[in-house]
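Visitor: I would like to take a close look at a single part of this structure, and then see how the parts around it fit together. Could you guide me through it slowly?

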Amino acid sequence: MLDRTQMREFAERGFVVIPQAVPEHLVASAAETIDELTTREPPPDAVRGPHFYFPAATEVPSLLELFTRSPAWSCAESLVGEGALEVPRQVQVALNIPPFSHRPGGHHIDGFPPEPDGRPGTFTLLAGVLLSDQLDQDAGNLWVWPGTHLTHAAHFREHGPDAFFAAGGYPPIPLPEPEQIRGRAGDLLLAHYLLGHNIGGNTSGRTRRAAYFRVKRAGHDPRWREFLQDPWLDYPPLR
Ligand SMILES: [Fe+2]
């Protein structure tokens, strides 16, 4: 469960980090699965920076359980409503391999290009479980632009939700100063779908690891146009 301060922080900034939301034994078991994954399909030698795997959730139960069998689930339910979350069908394993001296020039939102049926790949909430410590800046951390969940929604109210397609993931909004998400293995990031974010650099000595879940409130898909304009449509507890 999130407390009132965390709920308010999510509402105002579009994200919140919950320290040590995921128990150590789940983190350890997920680490083993990622070791197996990277042994079976190693990143090509030349890869620096981001490298992703997108296994089906049913193929990697130990990764799915980071979210579904830990307090992370009830933290997300605090925002979206009890019993309202769909179990994600896919997990993203996000590595950031050093050295990668990159600084993102701006933000993006996910979901472009659209899915085969033409619907943008919107969702309710990004749940990210850190699987390596990233306490310093530029250690492969995710970058976020606080408050842009609200600016994006205002943009889509002004220009209409179909402006999503022209923007191609980069809606032209004014950006505040970015922040890097810092934390330890086992910390949970909950971020609104509409929060601008991007991949950062990694000048630390260590590959950064995280598992991301793109989570939907039941009934999200057909209401994507409304959701882009009303950021709290999928979040009854925050309305
Ligand atoms: Fe993204």
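Guide: Let us take helix α5, residues 148-159, as the part to study, keeping in mind that this is a predicted model. With 12 residues and 1.5 Å for each, α5 should span 16 Å, and because its end C-alpha atoms are indeed 16 Å apart, the expected and the computed values agree. The buried residues of this helix are Thr148, His149, His152, Ala153, His155 and Phe156. Around the axis they cover an arc of only 155°, which means that they sit on the same side of α5. On the face turned away from that buried side, α5 carries the exposed residues Arg157 and Glu158. What covers the buried residues of α5 includes helix α6 (163-167), strand β7 (188-192) and helix α7 (224-229). After the helix comes Gly160, whose phi is positive, near 90°.

One of the elements that cover α5, strand β7, leads us to strand β4, since β4 and β7 are joined by 5 bridges and run antiparallel. Within this pair, Leu126 stands opposite Ala191 in β7. Strand β4 has 6 of its 6 residues buried, so it is largely enclosed by the rest of the structure. Leu125, Ala127 and Val129 point one way from this strand, while Leu126, Gly128 and Leu130 point the other way, and all of them are buried.

Strand β4 (residues 125-130) also pairs with β9, in the antiparallel sense and over 6 bridges. Two positions help to trace this pairing by eye: Leu125 has Val215 as its bridge partner in β9, and Val129 stands opposite Ala211 in β9. Strand β9 itself, residues 208-215, is mostly covered, with 7 of its 8 residues buried. Strand β3 (residues 92-97) is joined to β9 as well, by 5 bridges, and these two strands run antiparallel. Here the bridge partner of Ala94 in β9 is Ala210.

Strands β4 and β9 are also among the elements that cover the buried residues of helix α3, together with helices α2 (24-40) and α4 (71-80). In α3, which holds residues 61-68, the buried residues are Leu63, Leu64, Leu66 and Phe67. Seen down the axis of α3, these residues fall within an arc of 140°, so they line one face of the helix.

From helix α4 we can pick out Leu79, which lies in that helix. Leu79 counts as buried because 26 other C-beta atoms lie within 10 Å, and a residue needs 20 or more to be called buried. Leaving aside neighbours within four places in sequence, Leu79 is in contact with Leu2, Phe10, Leu125, Leu190, Tyr235, Pro237 and Leu238. Of these partners, Pro237 shows well how the chain brings remote positions together: Leu79 and Pro237 are 158 residues apart in sequence, yet their C-alpha atoms are 5.9 Å apart in space.

There is also an open sheet of 3 strands, in the order β6-β5-β8, with antiparallel pairing. Its edge strands are β6 (179-180) and β8 (197-199), each of which pairs on one side only. Strand β5 (residues 142-144) is joined to β6 by 2 bridges, and Trp143 stands opposite Gln180 in β6.

Finally, it is worth looking at the backbone in some of the loops. Most residues other than glycine have a negative phi, and most peptide bonds are trans. Against that background, the loop between β3 and β4 deserves attention, for both Pro99 and Pro113 lie there. A cis peptide bond joins Pro98 and Pro99, with omega about -5°, and the bond from Phe112 to Pro113 is cis too, with omega near 0°. Gln20, in the loop between β1 (15-18) and α2, has a positive phi of about 50° although it is not a glycine. Because Gln20 has 14 C-beta neighbours inside 10 Å, it counts as partly exposed. Asp138, found in the loop between β4 and β5, likewise has a positive phi, near 55°, in a residue other than glycine. With 18 C-beta neighbours inside 10 Å, Asp138 also counts as partly exposed.

Methods: Residues are numbered from 1 along each chain as its sequence is written. This is a predicted model: local features need pLDDT of at least 70, side-chain atom pairs count only at pLDDT 80 or more; totals for chains, interfaces and linings use all residues. A residue is buried if 20 or more other C-beta atoms lie within 10 Å of its own, exposed if 12 or fewer, and partly exposed in between; C-beta atoms are placed from the backbone. Helices (H or I, at least four residues) and strands (E, at least two) are DSSP runs, numbered from the N terminus. Two strands pair if DSSP finds at least two bridges between them. The expected span of a helix is 1.5 Å times one less than its number of residues. The arc is that of the directions from the helix axis to the C-beta atoms. Two residues are in contact if their C-beta atoms, placed from the backbone, lie within 7 Å.
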